[in-house]
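Let us look at how two parts of one protein meet. Keep the structure open as you read.

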Amino acid sequence: MAHALLFEIGPPISLGPGGAPEDSIDQNRNSEDQIIMPNTVLIGLQWGDEGKGKVIDVLTESAEVVVRFQGGNNAGHTVEVGEERFVLHLVPSGIIREQALCIIGNGVVVNPLALFDEIRELRRRGLNVDGRLQISSRCQLVFQYHCLLDGLLEQKLAENKIGTTKRGIGPAYADKVNRVGIRAADLCRLDRLEVRFRRQASFYNRILRDAAAPELDVDAEWKKLAAVAHELAPLVQDTVLTLNRAFEEGREVLFEGAQGTWLDVDFGTYPYVTSSNTTAGGACTGAGAPPARIDRVVGVAKAYTTRVGRGPFPTELRNDLGERLRREGREFGATTGRPRRCGWFDAVATRYAVMLNGADTLAVTKLDVLDGLDVIKICTAYEIGGELIDRVPTEADDLERVVPQYEEVPGWKQSTAQAADWDELPAEAQAYLRRLEELVRAPIGLVSVGPRRSQTFAVS
Ligand code: IMP
């Protein structure tokens with residue numbers, strides 16, 4: 001099948017001076033001089049935490065440019081390399097691979113203090129960051145006052161709270177659309193940054209004061225900021241130029257989605273969503289990529305479903321089985337450590353996500369977590385008000401009310417963790433995956449059966 005080719009891994013490509021990959025153009029063209037390396041958008045098809053970090057790590061074996069295009073340090077992408085475990089929040093996962101140039105696109109909201117800490121930690125662990133990371137001058141910045149307001153809004157919502165990561169993501173995006181945000185370009189202009197920061201900080205402090213909430217110590221915060229602004233300024237670039245130059249040169253670009261489709265601010269389970277467009281279209285607006293440059297969309301889904309934070313989750317298992325999935329799948333938030341809610345695979349929601357993103361191919365992760373179950377359930381429809389539906393209702397309270405309709409398939413009573421290819425999977429696991437393909441209407445191109453690089457294989 002054609003999609004198998006989508007996961008063929010090319011040889012590593014060396015980095016030129018200044019971080020730009022070199023010698024790659026010839027490898028990327030066939031004899032007719034056509035570009036054969038695809039530009040890929042990688043998207044989560046569920047509520048985030050699908051294991052995108054791991055799939056990105058596999059895909060970045062050949063990608064030369066890796067771009068984050070939305071979200072902020074609410075994300076936590078985990079990559080395991082040998083005995084080492086990296087959790088990335090703002091820096092694209094491509095940083096783990098030697099050859100990739102990494103871009104934080106304009107659609108990302110960047111907390112400068114958090115980014116500085118993350119870069120320092122990567123350096124401490126021996127990764128070469130210098131010359132390999134660029135921040136878009138158009139990125140909106142997240143400050144501590146956004147985080148304080150995030151906490152306050154959650155507190156005010158009381159039992160209706162969203163369950164945010166409290167990383168200030170919503171307030172920072174709100175500042176952007178209110179046209180009062182501060183952008184990364186200002187990291188290069190300390191005088192202007194200070195004026196704008198103090199003005200916004202005092203505005204936020206008035207809100208906090210009125211709510212009798214703790215205020216920000218503006219002077220202390222400014223000191224921290226001024227120190228890191230100086231360090232980050234050299235990374236700030238017009239990344240639209242970098243990216244489009246990479247397209248021109250036929251370099252392979254990977255767009256790294258964060259969170260998942262059902263957390264998208266437009267299409268997700270509103271208001272229980274994050275504040276960015278987590279779906280494939282976000283790659284264009286969040287990075288400055290012309291739509292025609294996108295060659296394929298890879299959708300990542302777990303073999304079951306998880307959700308962290310509040311909001312509707314039709315297939316949630318509030319029982320021992322849910323506990324078991326949490327334990328076996330180590331389902332605790334990579335950013336907040338919160339236990340994730342766990343449930344069966346929801347083919348209704350995932351099919352919708354495949355359609356919405358135009359996912360050409362699927363990567364199914366954590367298949368091994370289902371090992372040993374007698375029976376596995378797949379949600380194939382919802383019942384609401386006596387009616388069977390196979391779409392996701394727009395309103396969160398309707399989705400809250402649906403009764404999932406399940407199909408049962410036999411489990412497999414052996415470990416899949418050692419499987420190195422499709423043929424080594426038990427017949428029941430193969431049948432389960434084939435059924436998922438049918439139900440969500442996209443072919444599976446990649447399967448993972450554990451956290452290590454070796455536990456991922458392409459499927460044809
Ligand atoms: P926020 O993005 O911190 O505003 O949180 C809004 C919702 O998105 C909450 O339900 C969070 O738990 C969820 N969320 C944000 N980032 C992630 C993520 O990386 N994985 C899973 N859920 C996330």
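The questions below concern a predicted model and the interface between its two domains.

Q: Which residues does the domain assignment give to domain 1 and domain 2?
A: Domain 2 is a single stretch, 140–235. Domain 1 is written as two stretches. The bounds of domain 1 are 17–137 + 238–458.

Q: How many residues of domain 1 are in contact with domain 2?
A: A contact here needs heavy atoms within 4.5 Å. On the side of domain 2, 28 residues take part. On the side of domain 1, the number is 32.

Q: Which three residues of domain 1 lose the most area to domain 2?
A: The two domains bury about 2400 Å² between them. Carbon and sulfur atoms carry 63% of that area. On the side of domain 1, three residues together make up 24% of what is buried there. They are V109, P112 and L113.

Q: Which element gives the largest share of the side of domain 1 that touches domain 2?
A: Three elements give two or more residues to this side: β6 (109–110), α3 (112–124) and β7 (133–136). The largest share is five residues. That share comes from α3.

Q: How many nonpolar, polar and charged residues does this side of domain 1 have?
A: Sort the residues by class. Two are charged and 13 are nonpolar. The polar residues number 17.

Q: What is the count of salt bridges between domain 1 and domain 2?
A: Polar contacts do cross the interface, with ten residue pairs found. A salt bridge needs a Lys or Arg side-chain nitrogen within 4 Å of an Asp or Glu carboxyl oxygen. The count of salt bridges between the domains is zero.

How values were computed. Residues are numbered from 1 along each chain as its sequence is written. This is a predicted model: local features need pLDDT of at least 70, side-chain atom pairs count only at pLDDT 80 or more; totals for chains, interfaces and linings use all residues. Side-chain values use heavy atoms; hydrogens and water are left out. Domain bounds come from an automatic or database domain assignment. Buried area is the accessible area (1.4 Å probe) that two parts lose on being put together, summed over both. A polar contact is a pair of N or O atoms within 3.5 Å; within protein, one must be able to donate a hydrogen and the other to accept it, and residues adjacent in sequence count only if both atoms are side-chain atoms. Helices (H or I, at least four residues) and strands (E, at least two) are DSSP runs, numbered from the N terminus. Ala, Val, Leu, Ile, Met, Phe, Trp, Tyr, Cys and Pro count as nonpolar, Asp, Glu, Lys and Arg as charged, and the others, Gly among them, as polar.
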